[in-house]
Amino acid sequence: MASKLHQKAFSQCEKMFVVLGSPLGKIEISGCKLGVHEIHLERNAVLQNGPADASVSCEVCEASEETAEPLKQCVAWFQAYFCEPWMIEKLPVPPFHHPLLENASFTREVLWTLLRDVKFGEAVSYKQLANLAGNSKAARAVGGAMRSNPVPIIIPCHRVICSSGQTGNYTGGSHLKEWLLSHEKLQKEKLAY
């Protein structure tokens, strides 16, 4: 009953959007005054710059007439992620307003664990993430949670890889996942110097 009420409240939100031009193509962010609803990556986008390119940028292309604070925070977070990654630890993660991230479930537990425990430049296997989320036998369920992640990159499902070391699948295409992992690895190496 509670989840049906929440779904109804979610569907009645005054929705707003922002579209960012990024090295990964267009990133569409939707949300309301309560939080970010979803982030959509351009499927099979042609990547603009390599991860090592110094001219990487992230700019607003389109936006609703009114932009709620959670969407502004999300834009700032993405701009830092692509252009000044050392800043993302200092920025607040924008609030989310999506039933999958609010209603109790294993998927929610996995996504919040990933956000909290797997840091920039790190990677974890599906099995390791299942362990971190409290169910060592749920590696397949972790894969399902990654596929249903409504806010990719912020909740970093790209950091979840196969035990073999292969990158595995990704919502926007495996080339986006590989770009994100390379970007984080290169930026982390730069910060280590």
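Helices here are DSSP runs of H or I that span at least four residues, numbered from the N terminus. On that basis, in this predicted model, residues 174–192 make up helix H7, and Glu184 is found in it. Despite its polar side chain, Glu184 is buried, with a relative accessible area of 0%. Its side chain has a partner in His158: a polar contact of 2.7 Å joins the two side chains. Leaving aside neighbours within four places in sequence, Glu184 is also in contact with Tyr81, Phe120, Gly121, Glu122 and Arg159, alongside His158 itself.

Two of those contacts, Tyr81 and Phe120, turn up again among the aromatic residues. A search of the whole structure finds seven aromatic pairs. One of them brings together Phe82 and Trp179, with ring centres 5.9 Å apart and planes at 55°, so the pair counts as tilted. Phe82 sits in helix H2 and Trp179 in helix H7, so this pair ties together parts of the chain that are 97 residues apart in sequence. Both Phe82 and Trp179 are buried. Another tilted pair is formed by Phe96 and Trp112, at 5.8 Å centre to centre and with 50° between the planes. Here the link runs from the loop between H2 and helix H3 (99–102), where Phe96 lies, to Trp112 in helix H4, with the two positions 16 residues apart in sequence numbering. The partners sit in unlike surroundings: Phe96 counts as buried because its relative accessibility is 9%, under the 20% cut-off, while Trp112, at 30%, counts as partly exposed. As for the wider picture, ring pairs link Trp77, Phe78, Tyr81, Phe82, Phe120 and Trp179 into a cluster.

The strands form an open sheet of four, in the order S3-S2-S1-S4 and with antiparallel pairing. Strand S3 (36–41) and strand S4 (59–63) are the edge strands, each pairing on one side only. On average, neighbouring strands of this sheet are turned by 25° against each other, direction ignored. Strand S1 (residues 16–22) pairs with strand S2 (residues 25–31) over seven bridges, in the antiparallel sense. Within that pairing, Gly21 has Lys26 in S2 as its bridge partner.

Helix H2 lies across S1, S2, S3 and S4, and it runs at about 150° to S2. Leu71 gives a residue-level view of this packing. It lies in H2, which covers residues 69–83, and at 0% relative accessibility it counts as buried. Setting aside its neighbours within four places in sequence, Leu71 is in contact with Met16, Phe17 and Val18, and also with Ile29, Ser30, Gly31 and Cys32. Leu71 and Gly31 are 40 residues apart in sequence, yet their C-alpha atoms are 6.6 Å apart in space.

Helix H4, the helix of Trp112, spans residues 106–117 and also holds Thr113. Next to the partly exposed Trp112, Thr113 shows the opposite side of the story: its relative accessibility is 0%, so it counts as buried. Not counting residues up to four places away in sequence, Thr113 touches Val118, Leu129, Leu132 and Ala133.

Key: Residues are numbered from 1 along each chain as its sequence is written. This is a predicted model: local features need pLDDT of at least 70, side-chain atom pairs count only at pLDDT 80 or more; totals for chains, interfaces and linings use all residues. Side-chain values use heavy atoms; hydrogens and water are left out. Buried means under 20% relative accessible area, exposed over 50%, partly exposed in between (1.4 Å probe, protein chains only). Contact means heavy atoms within 4.5 Å. A polar contact is a pair of N or O atoms within 3.5 Å; within protein, one must be able to donate a hydrogen and the other to accept it, and residues adjacent in sequence count only if both atoms are side-chain atoms. Rings of Phe, Tyr and Trp (its six-membered ring) pair if their centres lie within 6.5 Å; planes under 30 degrees apart count as stacked, over 60 as edge-to-face and the rest as tilted. Two strands pair if DSSP finds at least two bridges between them. Axes are lines fitted to C-alpha atoms, for helices over the stretch in contact, and angles run from 0 to 180 degrees between N-to-C directions.
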